[in-house]
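Colleague: I should like to request a close look at a single part of this model, with the reasoning set out step by step for a newcomer to the subject.

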Amino acid sequence: MPTLTRPNHQVAVLGGGISGLVSAYRLLQQGVGVTLFEASDALGGLGGTFEYNRAVMEQFYHVMLNSDAPLLSLLEELDLAGTIRWQETGMGFQYEEAFYPFNTPLDLLRFGALTIPERLRTAVGAAYITKFVKNGAALDGITAAAWLTSIFGASVFQKLWRPLLTAKFGDLYDTVPAYWFWSRLTREKGGAKEVKGYVEGGYRAIADALASEIVRMGGKVRLKTPAQGLHETAGGVQVNAEGQWDPFSAVISTLPMPLLQKIAGGRIHGEVPQSDLVYQGVVNVVLILKQRLQPYYWNAIVKQGFPFQGLVETTHVVPLEQTNGRHLVYLMNYCNKDSETYSRSDSDWKFQAQKALTSLYPDFDQSVVDEVKVFRAPFVEPVWPVNYLADRPEAQISGSKVFLATTAQAYPRVNAWNTMVEIASETVVKVCAELVGRSAPASTMDELTLA
Ligand SMILES: Cc1cc2nc3c(=O)[nH]c(=O)nc-3n(C[C@H](O)[C@H](O)[C@H](O)COP(=O)(O)OP(=O)(O)OC[C@H]3O[C@@H](n4cnc5c(N)ncnc54)[C@H](O)[C@@H]3O)c2cc1C
C-alpha cells in the first residue's frame, strides 16, 4: 500500500503511554519520521509495571472488554490477539458492614442497603438507562447527580450513586455530566455477562510490541527525556529536551492539558484548550498475597471512614502463571494530586491497606501477605464539567502544527486504552492530512494512502 513517503517530515510525539506509542506507530506506518519523548525510564505510561519475585506485575490494574474494537483490532495487527484470555467476572458491593454480590437482577433484589421499594426502583431505573436511553449526547448538559436523582429518587441517589460518584470524583462528584455516567454504564453492563480480557504478558506486552515496531520502522525513542519546551516556527514546531531545541514538522502531545500548557511558549501557550482542566489522580496499594482473597474481580466499597473506594483482585483474570502463583489485590483511592490524601506516606498507605483487609475480612490472616507496594498517578482522568462536548479539545490546536491525542479528548468515551488507541489513530490521520497539505482532513487512514 503506498504511503506518504516524506523522509523530510519528522514528527515529535510527547509521552510514551499508549497514546504516544500508537501515535508513533501509526505515523511510521504512513512513512512519517518520528521521535518519541518519554519523561520516565519506561514506556507504557499508566500501564507501567514492576517486578516482584521474577514476575512482572502492573502498577495499576488493566483489563480489556470484548467490546473494545479499536484495541482488539490493534492486537490483531500486532499478532497478540491469539493470546487474549477471556474470563467471566463478577462484582461485589461492600456496603457499610455487609457484603453483597452485585451481578444479577436477583442480587439487586437482595441488596439489603436499600429498602424493597428502593430496590425495585433501582431495577427499573437501571433497565431504563441501559435499554431505553439511546441519545446519550442529550445528557451532556445535565449533571449525573441531577439525572440519577430524577430517575432513582433522592434516597437511592444518596445511598448508592452519590458514594460511587464521590469515589471517582471526590468533592466534584456533582459536577460530572450524566453523559459520562450513561456511557460508562452502557459500556460495562451492555452485555448480559461481564467478561474481561487479559493479553498474555498484560498491557506491558502491548507496549513492548508497539515499541519494537516503532524501532523496527526507524522511529527514535528517547526515554528519560521530558519535553521541556515547545514553540512554533515558520514551518513547524520546535521541541526542547535536555536543553536542546529540535525542529519538527508537527508535534503530537499526549500530555495532560495543564502539562502541555506549562511547556508551550509563544502563541501556543495561550491556545492550549482546557489548560485548567482538573484531573483526578489515584493512589493504588497493591497487596501480593499467597492466596485468593474474595470471589470477585471488583468490589465497590461504601463504608464510613474507610480509606479506599474499591478493591480489585486482578488474578481473577490475570493467570497465576503470570504472577508466579501470587494473587494481586489492588486497593484504590481516587483523589486530587494536591490533596492531603494523595501525599500521605507509603508507610501510612501500607498500614491502612492491611488494616482495611482486617476490617473487611475479620478472619484475614496477615501472614498471607507477601509484599505491599504503593503507586501513585497524578493525572488519571479529567473531572468532566457539564457541556464538555462543545469545549472538548479538537485533534489540532487551531492554526498550528500542534496536535493532541490525550485523555482530555476521551469524553464521553471511557478513559481506557481502547479509547486512546482510537483517538491516537484519528489524530494521526489529521497530522498526515496537514503534512500533505490537504485543506480538508481525510476521515480515514485509507483516504490518506495516496498514490
Ligand atoms: C487505576 C487505573 C485503572 C485503570 N484501568 C484500566 C483498565 O482496566 N483498562 C483500560 O484500558 N484502561 C484502564 N485505565 C486507564 C488507562 O490507564 C489510560 O486510559 C491510559 O493509560 C492513558 O494513556 P495515555 O498514553 O493517554 O496517558 P499516560 O499513560 O498517562 O501516558 C502519558 C505519558 O507521558 C509521559 N510524560 C509526562 N510528561 C512528559 C513530558 N513533559 N515529556 C515527555 N513525556 C511526558 C508520562 O511519563 C507518561 O508515560 C486505568 C487507569 C488507572 C490509573
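What distance separates the centres of domain 1 and domain 2, taken over C-alpha atoms? Please continue from there to the surroundings of the ligand.

Modeller: The model is a predicted one. Taken over C-alpha atoms, the centres of domain 1 and domain 2 are 31 Å apart. These two belong to a domain assignment of the protein that gives domain 1 (10-41 + 223-276 + 385-448), domain 2 (48-68 + 77-88 + 278-382) and domain 3 (104-188). Domain 1 brings five residues into contact with six residues of domain 2. On the side of domain 1 that touches domain 2, two residues are nonpolar, three are polar and none is charged.

The ligand can now be placed with respect to these domains. Because domain 1 and domain 2 both give residues to the shell around the ligand, the ligand lies between them. There are 37 residues around the ligand, and those that come nearest are Gly15, Gly17, Gly45, Leu46 and Ala416. By class, the shell holds 21 nonpolar residues, 15 polar residues and one charged residue.

Several helices and strands take part in this shell. The helices α1 (18-29), α9 (257-263) and α13 (417-435) each supply at least two of its residues. The strands β15 (279-289) and β19 (369-382) likewise supply at least two each.

Two of these helices, α1 and α13, deserve a closer look as a pair. Their axes come within 8 Å and cross at roughly 40°. An angle of that size makes α1 oblique to α13, because oblique is the class for angles that are not roughly parallel, roughly antiparallel or roughly perpendicular. The crossing of α1 and α13 is right-handed. From α1, the contact is made by Ile18, Ser19, Val22, Ser23, Arg26 and Leu27. From α13, the residues taking part are Trp417, Met420, Val421, Ile423, Ala424, Ser425, Thr427, Val428 and Val431. Sorted by class, the contact of α1 with α13 comprises ten nonpolar residues, four polar residues and one charged residue.

To draw the picture together, the ligand lies between domain 1 and domain 2, which both give residues to the shell around it. The helices α1 and α13, each a supplier of at least two residues of that shell, also cross each other at roughly 40°.

Definitions and conventions: Residues numbered from 1 in each chain as written. Predicted model: local features only at pLDDT ≥ 70, side-chain atom pairs only at ≥ 80, totals over all residues. Near = placed C-beta within 6 Å. Helix = DSSP H or I, 4+ residues; strand = E, 2+ residues; numbered from the N terminus. Nonpolar A, V, L, I, M, F, W, Y, C, P; charged D, E, K, R; others polar. Domains from an automatic or database assignment. Axes fitted to C-alpha atoms, helices over the stretch in contact; angles between N-to-C directions. Parallel < 35°, antiparallel > 145°, perpendicular 65-115°, else oblique. Left-handed = near helix turned anticlockwise from the far one by under 90°. Contact = placed C-beta atoms within 7 Å.
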